[in-house]
Amino acid sequence: MLIKDFYAIENHTTESDGSHIYTVKLNQNHDVYKGHFPQKPITPGVCTIQMIKECVEDAQSKRLTFTAIDRCRLTAMVTPSGSPVLNIKVACDAADTTKVSATIFYGETTYMTLSGTVAEK
Amino acid sequence: MAKTVLYAGDGIKTFIPQREPMLMVDKLFSVSENDVETGLTVADSNIFVEDGVLSETGLIEHIAQSAATFAGYNDWINKRPIVLGYIAEIKKFALQSALPKTGDNIETYMTVVSQAMNITLMNAESKVNGVTVAVCKMKIFMDK
């Protein structure tokens, strides 16, 4: 984990289509929220991208870098108090596992969708 | 030749609401109504640094805060309040050379592609020692 103790993986399931769903819990007391933002803790979008990458790393058992992000949409605000638990669904192309797509959701809300390319570190 | 720095270090805090440990711009070289040029020296203490290398997510945050610096400066110069800005969308991010290392000076140039209501779309290019590290397009939502 790049940013130590930022979140914890609470559950991991592999779906019949080969995709993975990770359930993560955010650490509301993390130092990141002292600076993003003072008086208004909001989970930085790049930190949710980092969580996606670390779930892909776990799924593929490799250390990875996003070499390309074709599109990443942030569709709802993640806050450590308002959305402390998130589901991260990651799918890797069966023919080319460097092609990754991911969705972060909880209940009816989609927080982020991402499609990109990873390379091994 | 060293570039002229308009604002550096704590001077950047006039324009953006991010604070340590999430402050990812430490220099403002130039700014207008249409473009901005910022910098960041990668410190070993940066929370996006691991094994002496800045993560691509840290680089993206630097680009996002460069856009925030652009918006914040233009609000400040026009005597408007500085508001929180969020990434709405990242498109066509491409890493073109090795990620910055501790001690590297990142320089980022961004230009406005379009602006509508509270959404600004900007083009970004980040370089280290004149070599392009990454490019992307970023949509920023300003919470006005």
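Where does A:Asp5 lie relative to strand 1 (7-14) of chain A? A:Asp5 lies in the segment before that strand. Helices (H or I, at least four residues) and strands (E, at least two) are DSSP runs, numbered from the N terminus.

The model is predicted: local features need pLDDT of at least 70, side-chain atom pairs count only at pLDDT 80 or more, and totals for chains, interfaces and linings use all residues. Residues are numbered from 1 along each chain as its sequence is written, and chains are lettered from A and ligands numbered from 1 in the order in which they are written.

**Exercise 1. Describe the backbone and the surroundings of A:Asp5 and B:Asp51.**

Step 1. Phi of A:Asp5 is near 65°, a positive value in a residue other than glycine. B:Asp51, also not a glycine, has a positive phi of about 50°. Most residues other than glycine have a negative phi, and most peptide bonds are trans.

Step 2. B:Asp51 belongs to the loop between strand 4 (49-50) and strand 5 (53-54) of chain B.

Step 3. A residue is buried if 20 or more other C-beta atoms lie within 10 Å of its own, exposed if 12 or fewer, and partly exposed in between, with C-beta atoms placed from the backbone. A:Asp5 has 11 C-beta neighbours inside 10 Å and therefore counts as exposed. B:Asp51 has 8 such neighbours, so this residue counts as exposed.

**Exercise 2. Locate two cis peptide bonds.**

Step 1. In chain A, a cis peptide bond joins A:His36 and A:Phe37, with omega about 0°. A:Phe37 is placed in the loop between helix 1 (32-35) and helix 2 of chain A.

Step 2. In chain B, B:Glu20 and B:Pro21 are joined by a cis peptide bond with omega about 5°. B:Pro21 lies in the loop between strand 1 and strand 2 of chain B.

**Exercise 3. Check the length of helix 2 of chain A and state how it is enclosed.**

Step 1. Helix 2 covers residues 45-60 of chain A. The expected span of a helix is 1.5 Å times one less than its number of residues. For the 16 residues of helix 2 of chain A this gives 22 Å, and the end C-alpha atoms are 23 Å apart, which agrees.

Step 2. Twelve of the 16 residues are buried, so helix 2 of chain A is largely enclosed by the rest of the structure. Among them are A:Gly45, A:Ile49 and A:Val56.

Step 3. Just after helix 2 of chain A, A:Ser61 has a positive phi of about 50°.

**Exercise 4. Summarise the fold of chain B.**

Step 1. Chain B contains one helix and nine strands, in the order β-β-β-β-β-α-β-β-β-β along the sequence. The radius of gyration, taken over C-alpha atoms, is compared with the globule rule, 2.2 Å times the number of residues to the power 0.38. For chain B the radius is 14 Å, close to the 15 Å that the rule gives for 144 residues, so chain B is as compact as a globular protein of that length.

Step 2. Buried residues account for 42% of the 144 residues in chain B.

Step 3. The mean pLDDT of chain B is 96, and 99% of its residues reach 70 or more; pLDDT is the predictor's confidence in each residue, from 0 to 100.

**Exercise 5. Follow the pairing of strands 1 to 3 of chain B.**

Step 1. Two strands pair if DSSP finds at least two bridges between them. Strand 1 (residues 7-8) and strand 2 (residues 27-31) of chain B run antiparallel and are joined by two bridges. B:Tyr7 has B:Leu28 as its bridge partner in strand 2 of chain B.

Step 2. Strand 2 and strand 3 (residues 35-41) of chain B also run antiparallel, with four bridges, and a hairpin joins them through three residues. In strand 3 of chain B, B:Thr38 is the bridge partner of B:Leu28.

**Exercise 6. Characterise the contact between the chains.**

Step 1. Two residues are in contact if their C-beta atoms, placed from the backbone, lie within 7 Å. The contact takes 26 residues from chain B and 25 residues from chain A. The largest share of the side of chain B that touches chain A, ten residues, comes from strand 6 of chain B.

Step 2. Strand 3 (residues 64-74) of chain A pairs with strand 6 of chain B in the antiparallel sense over five bridges. A:Ala68 has B:Ala94 as its bridge partner in strand 6 of chain B.

Step 3. The predictor gives the complex an ipTM of 0.97 and a pTM of 0.97.
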